[in-house]
Amino acid sequence: MAASLVTAPALAEPTGPEPGTDIIFELGVGGRMAPQYPGADSYMLSPTPIVKLRFLVLPVLGKVSDYREDAGLAIYPTAKFVGERDEAELTGLKKVDWAIELGGGVRYKGDWVEAFAEVRRGFNGHHGVVGEVGVDALARPSDRLLVKFGPRLTFADSEYMSTYFGVTSSEAVASGGKFSAFKAESGIQDVGVQLQLEYEATQDVMLYADAGYRRLLGDAADSPIVKRSGSANQFTAGIGVTYRFSFNVDGK
């Protein structure tokens, strides 16, 4: 299962930070339903830690902010956790350990639209490079509620694609012919849409919900792993709650 740990700042805060504040972030927990591994047709519900950067003052570079009055370009860190692949139905295929993907993103935020691009590198289970781009239309039915909806596109290099969608000759033999040898090349992994809801319950407590659909494309969809034991249709859904923390670095 893949779950975002650090994400782009959101927009639901109705007011800016207190004067002198240097860092504002949220910590919380949620639950997420997602495929057991990339390309799977089985799902699992797992707890998910949530870390969201809301406001950060950077010497020389300026600030990263999610507040409405701070529209424009911003950079931010991003991370993603991918669970291990060790399913009995994948007899003959090597086990893929859990992986953590670390990287960064750039985002443009306007009053009614938000666009972003992220790039991450994997560690442990895979060592490939994964990227994602998206554009969201923004709606605010009230000062406390933000609705975001838009398309997504994910791409990956050959290292990532071969890890989750490729089948080596030795694996094909070990599978007893269930999976034919397949070389997965770099390219677009999937395309889809994402719906997100963000509700400010109190000044410091935020509630989150999201649902998404992705359709595997290219070598990801053509992989014998997906065709024989998985699905090209990938769904996700999650809910979460966070608490906001504010700090002044110099302590004044």
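This report describes a pocket, a surface patch, salt bridges and some single residues in a predicted model.

## The largest pocket

The largest pocket holds about 160 Å³ of space. Its lining is made up of R85, K94, E159, S162, T163, G166, V167, T168, E171, F182, K183 and A184. Sorted by class, these lining residues are five charged, four polar and three nonpolar. Helix α1, which covers residues 158-165, gives the most to the lining, with three residues.

## A nonpolar patch on the surface

The surface carries a nonpolar patch of about 470 Å². V119, V129, V133, F155, I188, V191 and L217 make this patch. Two strands, β8 (129-142) and β10 (187-200), each supply at least two residues of it.

V133 is one of the patch residues, and its place is in strand β8. The relative accessibility of V133 is 33%, so this residue counts as partly exposed. Residues enter a patch with over 30% relative accessible area, and the 33% of V133 meets that condition.

## Salt bridges

The count of salt bridges in the model is twelve. The table gives three of them, with the distance between nitrogen and oxygen.

| Residue pair | N to O distance |
|---|---|
| K95 and D97 | 3.9 Å |
| E118 and R120 | 3.0 Å |
| R152 and E132 | 3.9 Å |

Are the partners in these pairs buried or partly exposed? In the first row, K95 has a relative accessible area of 44% and is partly exposed. Its partner D97, at 36% relative accessibility, also counts as partly exposed. In the second row, E118 and R120 are both buried.

The third row joins R152 and E132. R152 lies in strand β9 (residues 145-156) and E132 in strand β8, so this salt bridge ties together parts of the chain that are 20 residues apart in sequence. R152 has a relative accessible area of 4% and is therefore buried, given that buried means under 20%. E132 is buried as well, with a relative accessible area of 11%. The pair belongs to a network in which salt bridges with shared partners join E132, D136, R152, D190 and R214.

D190, a member of this network, is found in strand β10. Its relative accessible area is 6%, which means that D190 is buried. Along the sequence, D190 and R152 are 38 residues apart, while in space their C-alpha atoms are separated by 8.2 Å.

## Single residues in other strands

Some further residues show how sequence separation and distance in space can be read together.

D210 belongs to strand β11 (residues 205-216). With a relative accessible area of 17%, D210 is buried. How many residues lie between the positions of D210 and R32 along the chain, and what separates their C-alpha atoms in space? The two are 178 residues apart along the chain, and the C-alpha distance is 9.2 Å.

T48 sits in strand β3, which runs over residues 43-58. This threonine is buried, with a relative accessible area of 5%. From T48 to M33 the chain separation is 15 residues, and their C-alpha atoms are 9.9 Å apart.

K80 is part of strand β5 (residues 72-82). At 24% relative accessibility, K80 counts as partly exposed. The C-alpha atoms of K80 and G122 are 8.8 Å apart, and the two residues are separated by 42 residues along the chain.

The last residue here is N124, in strand β7 (residues 113-124). What is the phi of N124? The angle is positive, at about 80°, although N124 is not a glycine. N124 counts as partly exposed, because its relative accessibility is 39%.

## Summary

The pocket of about 160 Å³ has a lining with charged, polar and nonpolar residues. Strand β8 supplies residues to the nonpolar patch and also contains E132, the partner of R152. Strand β10 likewise supplies residues to the patch and contains D190, which is joined with E132, D136, R152 and R214 in one salt-bridge network.

Terms used
Residues are numbered from 1 along each chain as its sequence is written. This is a predicted model: local features need pLDDT of at least 70, side-chain atom pairs count only at pLDDT 80 or more; totals for chains, interfaces and linings use all residues. Side-chain values use heavy atoms; hydrogens and water are left out. On a 1 Å grid over the protein atoms alone, a cavity is a set of points where a 1.4 Å probe fits but cannot get out, and a pocket is an open set with protein on both sides within 12 Å along at least five of seven lines; lining residues have an atom within 4 Å of a point. Grid points are joined across faces, edges and corners, and a volume is the space filled by probe spheres set on the points. Helices (H or I, at least four residues) and strands (E, at least two) are DSSP runs, numbered from the N terminus. Ala, Val, Leu, Ile, Met, Phe, Trp, Tyr, Cys and Pro count as nonpolar, Asp, Glu, Lys and Arg as charged, and the others, Gly among them, as polar. Patches are made of residues with over 30% relative accessible area and no salt bridge: like charges are joined within 9 Å, nonpolar side chains (Val, Leu, Ile, Met, Phe, Trp, Tyr) within 5 Å. Accessible areas come from the Shrake-Rupley method with a 1.4 Å probe; for residues, only the protein chains shown count as cover. A salt bridge is a side-chain nitrogen of Lys or Arg within 4 Å of a carboxyl oxygen of Asp or Glu. Buried means under 20% relative accessible area, exposed over 50%, partly exposed in between (1.4 Å probe, protein chains only).
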